[in-house]
Amino acid sequence: MLESSTSSPKEWSVAVAILGARMHYAVPSTLASAGRLERFYTDFYLQDTKFESWMRQVLSRIPFKASLRAAQRYDTRIPAELVSAFPGLGILYVLALRMAVSESRREKEFVWFGRWFGQLAVRHGFGQATFAYGMNGTSVEWFEGAQQAGRTCILEQCSAPYPIYDQLSQEEYQLWPGWERDSVFHRNQYLFQRELQEWEQADLIICGSQFVADGLAAHSVALDKCQVVPYAVDVDSYSMKQLGKTDANQKLKVLFLGGIRIMKGIQYLYQALEQLGNAASFIEARAAGSIMVSPETIEMLKKHIHLLGLVPRKEVGHLLAWADVLVLPSICEGSALVTYEALASGVPVITTPNAGSPVQDGVTGFIVPNRNAAAIAERLEWLAQNPNLRLDMSIAARHYAEEHLSWEAYSCRLLAAIKSVRMK
């Protein structure tokens, strides 16, 4: 068992186990900065040693998505002595997901590696931690060990419950037949069973948005067990877009950022542009993200939208600087981080309640009903005809991000939520 890394016990501390790099290690880095991180368990992670720094440089030069992501698997804010990584598990996990030929297989691999990861973390121990923190789908074994050791369990519910996602997904497949590259609908039954166990085990469930909290309530999770803690971005790393002179004769620059697939709602942006008819000629639309729709759908989308495919991370800032508005009509998410990035860049957002975004309707953008292309079309036309409104929303978006979406604001929210739980 690992002991606490400090010479004297903390008033309270947290042992965190996260498979992957959720929010680029926001939880462990926040706790470390506050002096509350007892231990951080993860899979593939590059420590700040000379050899691993060299590895980061090598991986960052290999033009493959997996290599570029691997190069970013580190955080200098987390003391190296508090990190225990399982790189072999991480590499096998990525390979297993890549070799999975179906969503059913991907689910089974996720469950299997989640179990293995939790068991490894428990074996390494909790040190002097008061709390055990984990993510939905991978925390059953981690929480079992924590309960046996008398620790308080905190679950982060990263997304709406699987039955909600599955139901909405099935409906989209029926509404848009032939749009997805993979036309076989899959229900995540094993992951839902794990969620049910985690909800029962958890003393506190942290939700990134009210949409997630409402989903839990719909599955009879006690309201007093849940707290909404919106996420954050490094606001200073996003530049406020240049606000030059605008007029109604300029084209409205519309950006879609995310996977090109029906659960991100790109079909409703397409439908909105189709409904605008001739008015759509005053709009220039671009979409950046992995393309997961059928070849026939691609050709259809190209009628109104310039598909950029997956772009390097450094290009996202350039796209946000170009855009007048981000449109993300998501069908089901936890809390879409791209909406945070847009607001931090001073880009108003048109999105749905199901995206779990921090957008203020009518102030920093528009919240439109789910699956409502007509509402999207109306807001796009309004923004195209009212450049002063775009300007006001852009300024409001950046101000809101600075005040509410910074790491400092997130840290206050997260620490307050953890401290509110009665310690065992």
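**Exercise 1. Which residues have the most contacts inside the largest nonpolar core, and how many residues does that core have?**

Solution. The structure is a predicted model.
Step 1: the largest nonpolar core has 103 residues.
Step 2: within this core, Tyr133, Ile305, Leu380 and Tyr410 have the most contacts.
Step 3: take isoleucine 305 and leave aside its neighbours within four places in sequence; its contacts are then Ile266, Leu269, Tyr270, Leu273, Ala285, Arg286 and Ala287.
Step 4: apart from this core there is a second, separate one of 35 residues, which includes Phe110, Phe192, Ala202 and Leu216.

**Exercise 2. Find the buried residues of helix α9 and name what covers them.**

Solution.
Step 1: helix α9 spans residues 210-218, and its buried residues are Phe211, Val212, Ala213, Gly215 and Leu216.
Step 2: the elements that cover these residues include the strands β5 (152-157), β6 (204-207) and β7 (226-228), together with the helices α7 (162-175) and α8 (189-201).
Step 3: after α9 comes serine 220, with a positive phi near 65 degrees.

**Exercise 3. Decide whether asparagine 188 is buried or exposed, and list what it touches.**

Solution.
Step 1: asparagine 188 sits in the loop between α7 and α8.
Step 2: buried means under 20% relative accessible area.
Step 3: asparagine 188 has a relative accessibility of 11%, so it counts as buried.
Step 4: not counting residues up to four places away in sequence, asparagine 188 touches Glu107, Tyr162, Tyr165 and Asp166.

**Exercise 4. Describe the surroundings of tryptophan 322.**

Solution.
Step 1: tryptophan 322 belongs to helix α12, residues 313-322.
Step 2: its relative accessibility is 15%, and therefore tryptophan 322 counts as buried.
Step 3: beyond its neighbours within four places in sequence, tryptophan 322 is in contact with Lys241, Lys253, Val254, Leu255, Glu284 and Arg286.
Step 4: from tryptophan 322 to valine 347 there are 25 residues in sequence, and 9.4 Å in space from C-alpha to C-alpha.

**Exercise 5. Compare the salt bridges of glutamate 109 and arginine 194.**

Solution.
Step 1: the count for the chain comes to 14 salt bridges.
Step 2: glutamate 109 pairs with arginine 105 at 3.2 Å, N to O.
Step 3: these two residues are separated by about one helical turn, because they lie four residues apart in helix α5 (residues 103-124).
Step 4: glutamate 109 is buried, at 14% relative accessible area, whereas arginine 105 is partly exposed, at 40%.
Step 5: arginine 194 pairs with glutamate 141, and their closest N and O atoms are 2.8 Å apart.
Step 6: this pair links distant parts of the chain, since arginine 194 is in helix α8 and glutamate 141 is in helix α6 (residues 140-148), 53 residues apart.
Step 7: arginine 194 and glutamate 141 are both buried.

**Exercise 6. Locate a nonpolar patch on the surface and place leucine 92 in its helix.**

Solution.
Step 1: Ile91, Leu92, Leu95 and Met99 form a nonpolar surface patch, with about 410 Å² of accessible area together.
Step 2: leucine 92 is in helix α4, residues 87-99.
Step 3: the relative accessible area of leucine 92 is 44%, so it is partly exposed.

**Exercise 7. What is the average pLDDT of the chain, and where does pLDDT stay under 50?**

Solution.
Step 1: the average pLDDT is 89, and 89% of the residues score at least 70.
Step 2: over residues 1-9 pLDDT stays under 50.
Step 3: where pLDDT is low, the predicted coordinates should not be read in detail.

Technical notes:
Residues are numbered from 1 along each chain as its sequence is written. This is a predicted model: local features need pLDDT of at least 70, side-chain atom pairs count only at pLDDT 80 or more; totals for chains, interfaces and linings use all residues. Side-chain values use heavy atoms; hydrogens and water are left out. Patches are made of residues with over 30% relative accessible area and no salt bridge: like charges are joined within 9 Å, nonpolar side chains (Val, Leu, Ile, Met, Phe, Trp, Tyr) within 5 Å. Accessible areas come from the Shrake-Rupley method with a 1.4 Å probe; for residues, only the protein chains shown count as cover. A salt bridge is a side-chain nitrogen of Lys or Arg within 4 Å of a carboxyl oxygen of Asp or Glu. Buried means under 20% relative accessible area, exposed over 50%, partly exposed in between (1.4 Å probe, protein chains only). A nonpolar core is a set of buried Ala, Val, Leu, Ile, Met, Phe, Trp, Tyr and Cys residues joined through side-chain atoms within 4.5 Å. Contact means heavy atoms within 4.5 Å. pLDDT is the predictor's confidence in each residue, from 0 to 100.
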